[in-house]
Amino acid sequence: FYTWRRGMQYRISSIAAIYDKSLRLNSISSAVQSSTSKKGSTKNDDKASATSGQIVNIATNDVERFMLATLFASYLFWAPVQSMAILALGWWVIGWSFAAGFG
């Protein structure tokens, strides 16, 4: 539960940061496009402008990985601990033959 909650907090804060940045990018890109239309086009027009579809794609698909990463991050600690506990318990109950079958 706690990892799911932490993942949702990361997801929500990332979406808020992306939304805040997109509001600033749209206003900057309109200013860049109006100033460059007088002087000629530059290569930075594509980088400065972002469509709403690209922003929604980032906010929905890419940020979902933060939530999944927090869900499975605890397995980095618990998986080796559980495998050692299973090895020790199996060795104690069955003996040396369990160690041969465990590997």
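Begin by selecting E64, which is partly exposed, with a relative accessible area of 26%. The model on screen is a predicted one, and E64 is a useful place to enter it, since this residue takes part in a salt bridge with R11 in which the closest N and O atoms are 3.3 Å apart. Because E64 belongs to helix α4 while R11 belongs to helix α1 (residues 2-39), the pair ties together parts that lie 53 residues apart in sequence. Side chains of opposite charge can pair when their charged atoms come close. With a cut-off of 4 Å between a side-chain nitrogen of Lys or Arg and a carboxyl oxygen of Asp or Glu, the count comes to one salt bridge.

Next, zoom out and color the chain by secondary structure. The protein has six helices and zero strands, and reading along the sequence gives the pattern α-α-α-α-α-α. If you then color by accessibility, buried residues account for 16% of the 103 residues in the protein. The protein exposes about 8,200 Å², and carbon and sulfur atoms supply 65% of that area. Among contacts between residues at least 6 apart in sequence, 61% join residues that are at least 24 apart.

Return to E64 and select helix α3 (residues 52-62) together with helix α4 (residues 64-72), whose axes come within 5 Å and cross at roughly 10°. That angle makes α3 roughly parallel to α4, because angles under 35 degrees count as such. To see where the two helices touch, display T60, N61 and D62 on the α3 side and E64, R65 and F66 on the α4 side. By residue class, this contact of α3 with α4 divides into one nonpolar, two polar and three charged residues.

Now move to I18, which is found in helix α1. Which residues does I18 touch, once those up to four places away in sequence are not counted? The answer is I55, I58, A59 and V63. For A59, you can draw a C-alpha to C-alpha distance to I18, which comes to 6.8 Å although the two residues are 41 apart in sequence.

From there, go to the start of the chain and select F1, which lies in the segment before α1. Is F1 buried or exposed? F1 is exposed, with a relative accessible area of 70%. Add L71 to the selection, and the C-alpha atoms of F1 and L71 are 9.0 Å apart in space, while the residues themselves are 70 apart in sequence.

The last stop is S74, which sits in the loop between α4 and α5 (75-93). S74 is partly exposed, with a relative accessible area of 28%. Selecting T3 alongside S74 shows another pair separated by 71 residues in sequence, with a C-alpha to C-alpha distance of 8.1 Å.

Terms used: Residues are numbered from 1 along each chain as its sequence is written. This is a predicted model: local features need pLDDT of at least 70, side-chain atom pairs count only at pLDDT 80 or more; totals for chains, interfaces and linings use all residues. Side-chain values use heavy atoms; hydrogens and water are left out. Helices (H or I, at least four residues) and strands (E, at least two) are DSSP runs, numbered from the N terminus. Buried means under 20% relative accessible area, exposed over 50%, partly exposed in between (1.4 Å probe, protein chains only). Contact means heavy atoms within 4.5 Å. Accessible areas come from the Shrake-Rupley method with a 1.4 Å probe; for residues, only the protein chains shown count as cover. Axes are lines fitted to C-alpha atoms, for helices over the stretch in contact, and angles run from 0 to 180 degrees between N-to-C directions. Angles under 35 degrees count as roughly parallel, over 145 as roughly antiparallel, 65 to 115 as roughly perpendicular and the rest as oblique. Ala, Val, Leu, Ile, Met, Phe, Trp, Tyr, Cys and Pro count as nonpolar, Asp, Glu, Lys and Arg as charged, and the others, Gly among them, as polar.
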